[in-house]
Amino acid sequence: MERRGFLAAAGLAALAAGCDGGAPPRTAPTRTRAASPAVTGPADWRALEEGLAGRLIRPGDDAYDEARRLYIPRFDRIRPAGIAYCAGPEDVRECLAFARRRRLPVAVRCGGHGYAGWSTGSGLVIDVSAMDDVRVEGGRAMVGAGTRLIGLYEGLAKEGVAVPAGTCPTVGIAGLALGGGLGVTARRYGLTCDVMEAVQVVTADGRILDCDARREPDLFWACRGGGGGNFGVATSFTFRAYPADEVSTFALRWPWRNAGRVIAAWQSWAPAAPDELWSGLQLNTEPSAGAPALDVIGVSFGDPGPQLDRLAAAVRADPSSRGADRKPYLDAMRQMGGCSGDACHRAGTLPGTRPDGRYPRTEYTAKSHVAARPLPGPAIDALVGAFTEGNDVAGRSVLLDALGGAVGRVRPGDTAFPHRRALFTVQYIADTGDRRWLRDLHAAMEPYAGGAAYVNYVDPELRGWRRAYYGGNYERLARVKRAYDPEGLFRFPQSIG
């Protein structure tokens with residue numbers, strides 16, 4: 001989950017999930033530094049285009065400006081040499097061979113939501129959006145790597161099933177799953193990577209590998225939380241699916257004067273709630289209201305009433321508003337994404353978009369912590385103070401999302417996602433021009449919540465990112481990287497290596 005705004009009618013949040021992760025300088029002794037890029041002329045690009053079943057878009061083409069855009073507008077300044085919309089794994093293999101021969105930088109793109117913009121670059125962008133088939137067989141979902149989350153939910157709903165995934169409807173499944181995959185049903189069913197049973201990956205040397213617990217088990221392990229774009233290009237997934245039961249969405253709001261007590265009560269209540277209930281605590285500046293907004297939102301597979309009563313009792317103050325609504329699973333996922341119908345799709349004419357789509361691009365920046373223990377009094381005071389004193393600027397948010405439940409019943413080394421004992425994630429968000437407030441608050445919270453961060457909320461300024469993102473799993477991930485990408489074809493400022 002990522003940036004969230006409120007649905008005015010219900011007080012529920014619109015969540016937007018990021019998909020990329022990564023890491024700085026390369027340390028693997030076997031990795032060689034690429035030579036200066038070779039000259040690539042029009043004939044070279046024409047040869048690549050003729051070798052693809054999909055579509056290659058180049059500067060000067062009518063669709064180029066649309067093709068190069070990511071979700072966050074500040075990366076519009078980046079102008080790739082080419083964007084390849086690959087129709088299948090063979091196209092990916094062709095693109096990788098071209099990049100190796102021409103010594104071109106490669107960026108791998110799914111939904112393009114990464115906070116650092118590393119799914120684009122000056123070289124060749126390999127976009128998997130055209131691979132978006134969704135089908136169900138025998139309780140399993142076979143999903144193309146370019147599928148957007150709204151496409152996943154809609155496709156599976158036709159079959160009466162669901163896969164635990166994120167909230168922002170235009171995020172790509174590949175980036176989400178490869179980095180772990182937090183979502184509003186994770187406490188019941190686990191992370192997206194926990195229900196991954198197989199993944200097809202095209203490696204740097206052009207092999208198309210079907211990976212699972214028996215075939216290429218190390219690569220399969222790394223793809224379950226090791227971050228997108230590190231080990232190869234994922235082209236399809238097999239997920240374990242679950243019945244798409246009706247759920248209740250709920251929202252509670254307290255006056256800002258109760259902020260300290262709500263934070264203290266929520267962090268004890270939410271991670272220990274029954275698996276059927278997920279919740280998030282949101283702090284948002286509201287200059288026009290004169291005080292920040294303080295909300296608890298969530299999803300429950302059962303009746304949330306008794307649990308919400310327990311939270312209110314722990315706060316020792318009734319919320320100023322409280323509501324819950326039972327609805328079909330797909331409707332709940334749309335609501336949690338802050339959209340409905342065509343408004344859940346991004347506008348455009350290229351794969352991954354619809355001509356009638358209306359889901360907006362958004363400009364912001366973010367940082368994160370993964371909290372392994374409750375926030376002590378001084379941390380809560382720092383959080384409340386940052387909003388009390390900073391409410392004059394719109395667009396400042398902190399989002400706390402509960403973990404525990406099924407997430408915590410997996411051992412930290414069983415998948416590459418290490419944060420199994422954590423209580424909740426903390427995401428700090430501000431408009432791009434408001435970085436000082438963001439950095440100051442993150443630094444103030446570091447002594448209390450620091451040490452771990454979520455790779456799908458990638459932070460290009462993060463020091464010690466290897467340990468923060470991957471914990472004790474980094475060394476094994478580095479070995480997998482050396483085995484499958486020894487020359488470092490897949491590289492970016494925080495790539496494993």
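What is the handedness of the disulfide between Cys339 and Cys344? I would like to start there, and I should say at once that we are looking at a predicted model, so that what follows comes from computed coordinates. The torsion about the S-S bond of Cys339 and Cys344 is about 100°, and the disulfide is therefore right-handed. The two sulfur atoms of Cys339 and Cys344 lie 2.1 Å apart, and the count for this model comes to one disulfide.

Let me stay with the cysteines for a moment and ask how they sit with respect to the surface. Cys339 has a relative accessible area of 13%, and because the cut-off for buried is under 20%, Cys339 is classed as buried. Its partner Cys344 is also buried, with a relative accessibility of 0%. Cys168 is in no disulfide, and the cysteine sulfur nearest to it, that of Cys339, is 8.3 Å away. Cys168 itself is buried, at 0% relative accessibility, and Cys110, with a relative accessible area of 9%, counts as buried as well.

Now to the chain as a whole. Its secondary structure comes to 14 helices and 20 strands, and the C-alpha trace spans about 70 × 45 × 45 Å along its principal axes. How does the radius of gyration compare with that of a compact globule? For 497 residues a compact globule would be expected to have a value near 23 Å, and the chain, with 22 Å, agrees with this. Of these 497 residues, 61% count as buried. If we take the contacts with a separation of 6 or more, 74% of them are made by residues 24 or more positions apart.

On the surface, the chain exposes about 18000 Å², of which carbon and sulfur atoms supply 49%. As for charge, there are 61 positive and 54 negative charges, and their mean positions are 5 Å apart.

I would next like to draw your attention to two residues with backbone angles worth checking by eye. Glu216 has a phi near 50°, which is a positive value in a residue other than glycine, and it is placed in the loop between β11, residues 208-211, and α7, residues 217-222. Glu216 is partly exposed, with a relative accessible area of 26%. Arg316 is not a glycine either, yet its phi is positive, at about 65°; this residue belongs to the loop between α9, residues 305-315, and β17, residues 321-327. With a relative accessible area of 59%, Arg316 is exposed.

Finally, let us turn to the interior. Which residues does Phe387 touch, leaving aside those up to four places away in sequence? Phe387 is found in helix α11, which covers residues 377-390, and at 0% relative accessibility it counts as buried. Its contacts include the aromatic residues Trp256 and Trp437, together with Leu283, Asn284, Thr285 and Pro292, and the list is completed by Arg396, Ser397, Val398 and Leu441. Phe387 and Ala291, although 96 residues apart in sequence, have C-alpha atoms 8.5 Å apart in space.

To go back to where I began, the right-handed disulfide joins Cys339 and Cys344, two residues that are buried at 13% and at 0% relative accessibility, and I would suggest that we begin the discussion with that pair.

Technical notes: Residues numbered from 1 in each chain as written. Predicted model: local features only at pLDDT ≥ 70, side-chain atom pairs only at ≥ 80, totals over all residues. Heavy atoms only, no water. Disulfide = S-S within 2.5 Å. Buried < 20%, exposed > 50% of the residue type's maximum accessible area, 1.4 Å probe, protein only. Helix = DSSP H or I, 4+ residues; strand = E, 2+ residues; numbered from the N terminus. Rg over C-alpha atoms; globule rule 2.2 N^0.38 Å. Contact = heavy atoms within 4.5 Å. Areas by Shrake-Rupley, 256 points an atom, 1.4 Å probe, with all protein chains shown as cover. Lys, Arg positive; Asp, Glu negative; His and termini not counted. Charge placed at Lys NZ, Arg CZ, Asp CG, Glu CD.
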